[in-house]
Amino acid sequence: YTTYTNGGKSETDVVSFTVTPLEEFSWLGTRTKGQLALDWWQSKSNAPDYIDTDTDIYLANPYIQYKGSVMRYTDRPAENFNRPWTLRLSTETRIPQWNLTWSNFLRYRAAYKAVGQVASANTSGVFHEGIQIAVWEERSYKPALTWDLRLGWEYPTTRDQAFFVNFDVFNVLDKASVAQSSVSSSTIPTYEIGRQFWVELGYRF
């Protein structure tokens, strides 16, 4: 059966500061433009999403241990699913004589702390009223730096048509970062995808 409840609550605050030069930078026939952005956000919720794997435990609302105290699952501190601030830098350099475009996107996400499960109810060794309960603690996560780049080549065939090739490298530095979606309930965090290579071929008309 499906259960609907209005017992959850959430709150999100977002502040963004963006700097974009009014003119492109020209050098040796190339043209470069860019943007620098600083984002601060805070998003807290004490309930899972509609399709979240935590739905069952939220409805069951069992006892857990948090920082040495026993409480109900829904009484634990609201979780902050986002890093407190992010710095983003994007650049695009066009080389008209070679029909090339080189784009970069760098993102630095600050370190943060989040409430998460460190031991499940089956393995914790902590008992309350004769029943083994899960253990939750505040965990720290390191900052994350990611760099994505794209090289694009386009060959015009007519005024409004062209062949194009895009070569993308995601997570160029191959940095290991904990996926935020795994922070709340999993005792073993999962990681974001490492370095990836993508090639796109097409004809624009």
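This is a short walk through the model, stop by stop, with what to select and what you will find there.

Before you start, note that the model is predicted: local features need pLDDT of at least 70, side-chain atom pairs count only at pLDDT 80 or more, and totals for chains, interfaces and linings use all residues. Numbering runs from 1 along each chain as its sequence is written, and side-chain values use heavy atoms, with hydrogens and water left out.

**Whole chain**

Show the cartoon: there is 1 helix, and there are 14 strands. Helices (H or I, at least four residues) and strands (E, at least two) are DSSP runs, numbered from the N terminus. Switch to a surface and you are looking at about 13,800 Å² exposed by the chain, with carbon and sulfur atoms supplying 57% of it; areas come from the Shrake-Rupley method with a 1.4 Å probe, and for residues only the protein chains shown count as cover. Of the 205 residues, 29% are buried. Buried means under 20% relative accessible area, exposed over 50%, and partly exposed in between (1.4 Å probe, protein chains only). Among contacts (heavy atoms within 4.5 Å) with a separation of 6 or more, residues 24 or more positions apart account for 63%.

**Strand 11 and its partners**

Select residues 131-141, which are strand 11. Strands pair if DSSP finds at least two bridges between them. Add strand 4 (residues 63-66): this strand pairs with strand 11 in the parallel sense over 3 bridges, and Q65 stands opposite V135. Next, bring in strand 9 (residues 112-119), which runs antiparallel to strand 11 and is joined to it by 7 bridges; here Q117 faces W136. Strand 10 (residues 126-128) is antiparallel to strand 11 too, over 3 bridges, with H128 opposite I131. Zoom in on the hairpin of strands 10 and 11, which has 2 residues between the strands: E129 takes a positive phi near 55° there.

**N99 in its loop**

Now jump to N99, in the loop between strand 7 (85-95) and strand 8 (100-109). Is this residue buried or partly exposed? N99 counts as partly exposed, at 30% relative accessibility. Show what surrounds it: leaving aside neighbours within four places in sequence, N99 touches G152, W153, E154, Y155 and P156. Draw a distance from N99 to P156 and the C-alpha atoms come out 8.8 Å apart, for residues separated by 57 positions along the chain.

**Salt bridges**

Side chains of opposite charge can pair when their charged atoms come close. A salt bridge here is a side-chain nitrogen of Lys or Arg within 4 Å of a carboxyl oxygen of Asp or Glu, and the whole structure has 7.

Select E92 and K33, whose closest N and O atoms are 3.8 Å apart. E92 is in strand 7 and K33 in strand 3 (residues 30-45), so this salt bridge ties together parts 59 residues apart in sequence. E92 is partly exposed at 26%, and K33 is partly exposed at 44%.

Stay on those two strands and pick R88 and D39, with 2.7 Å between the closest N and O atoms. R88 sits in strand 7 and D39 in strand 3, so the pair ties together parts 49 residues apart. R88 is partly exposed at 24%, whereas D39 is buried at 8%.

For the last stop, select E192 and R109, which meet at 2.9 Å, N to O. E192 is in the loop between strand 13 (162-170) and strand 14 (196-204), while R109 is in strand 8, 83 residues apart. E192 is partly exposed at 28%; R109 is buried at 6%.
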